[in-house]
Amino acid sequence: MAFTLPDLPYAHDALEPSIDTRTMQIHHGKHHQGYTNKLNAAIEGTDLEGKSIEDILRNMDSVPDGIKGAVQNNGGGYANHSLFWTVMSPDGGGAPSGALGDAINSTFGSFDEFKSAFSSAAGTRFGSGWAWLVVDGDGGLQVYSTANQDSPYMQGHTPILGLDVWEHAYYLNYQNRRPDYVSSWWDVVNWGQVAANFAAAK
Ligand code: MN
């Protein structure tokens, strides 16, 4: 069973003005579709068909050498974007409460300090990549960035919030101003979904 492009959980224009309509159309319909197609082409006829994307990425050692690069890039891209759409919402913004809010406060000191650490990870990732909030192997929270389409699953972590900082994610609206994109993105973070991801990962 091949991987399929997940539908957006809102309209293309729903995240305006943080993310513009045209960027959403191209990002979802072209870029994410492209990763999906190339992932399917890479794994066709292999033992990886039928496995979940998380299972594949958590076990990169068992991916055949001939397709390892394609799976790393396109499997990572497939998983990263599938998470990305769900952790944003036109009703987003604010701050998390409950268990996730408590864990963020105890790990980073405060929500503002968490935001600062995450924004720094997003801003200092050289070239293309992602900023992450993950649950690590000990059940703790970590913030870091990865290059290209590398997924936290590849190092045994579970991503619960991710921000795409490839230029294709923001260049039409923000050009070179990545910090402005990151700053505006906080207004659309779907903390309810991130909290659910946290609960599921623990
Ligand atoms: Mn992207």
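Does arginine 177 count as buried, partly exposed or exposed, and at what relative accessibility? The second legend below gives the value for arginine 177, at 35% relative accessibility and partly exposed. The model shown in these views is predicted.

**View 1. Manganese site.** The manganese ion is coordinated by four named residues: His27, His81 and His168, each through NE2, and Asp164 through OD. Coordination distances run from 1.9 to 2.1 Å. Along the sequence, the donor residues of the ion follow the spacing H-x53-H-x82-D-x3-H. Two of these residues, aspartate 164 and histidine 168, are buried.

**View 2. Salt bridge between arginine 177 and aspartate 180.** The closest N and O atoms of this pair are 3.1 Å apart. A search of the whole structure finds one salt bridge. Side chains of opposite charge can pair when their charged atoms come close. Arginine 177 has 35% relative accessibility and therefore counts as partly exposed. Aspartate 180, at 36% relative accessibility, also counts as partly exposed because buried means under 20% and exposed over 50%.

**View 3. Surroundings of methionine 24.** Methionine 24 lies in helix 1, which spans residues 21-43. With 1% relative accessibility, methionine 24 counts as buried. Leaving aside residues up to four places away in sequence, methionine 24 touches Leu8, Tyr10, His12, Leu15, Ile19, Gly29 and Trp85. Aspartate 13 is eleven residues from methionine 24 in sequence, and their C-alpha atoms are 7.6 Å apart in space.

Technical notes
Residues are numbered from 1 along each chain as its sequence is written. This is a predicted model: local features need pLDDT of at least 70, side-chain atom pairs count only at pLDDT 80 or more; totals for chains, interfaces and linings use all residues. Side-chain values use heavy atoms; hydrogens and water are left out. Donors are N, O and S atoms within 2.8 Å of the metal (3.2 Å for Na, K and Ca); water is not among the atoms, so sites may look incomplete. Buried means under 20% relative accessible area, exposed over 50%, partly exposed in between (1.4 Å probe, protein chains only). A salt bridge is a side-chain nitrogen of Lys or Arg within 4 Å of a carboxyl oxygen of Asp or Glu. Helices (H or I, at least four residues) and strands (E, at least two) are DSSP runs, numbered from the N terminus. Contact means heavy atoms within 4.5 Å.
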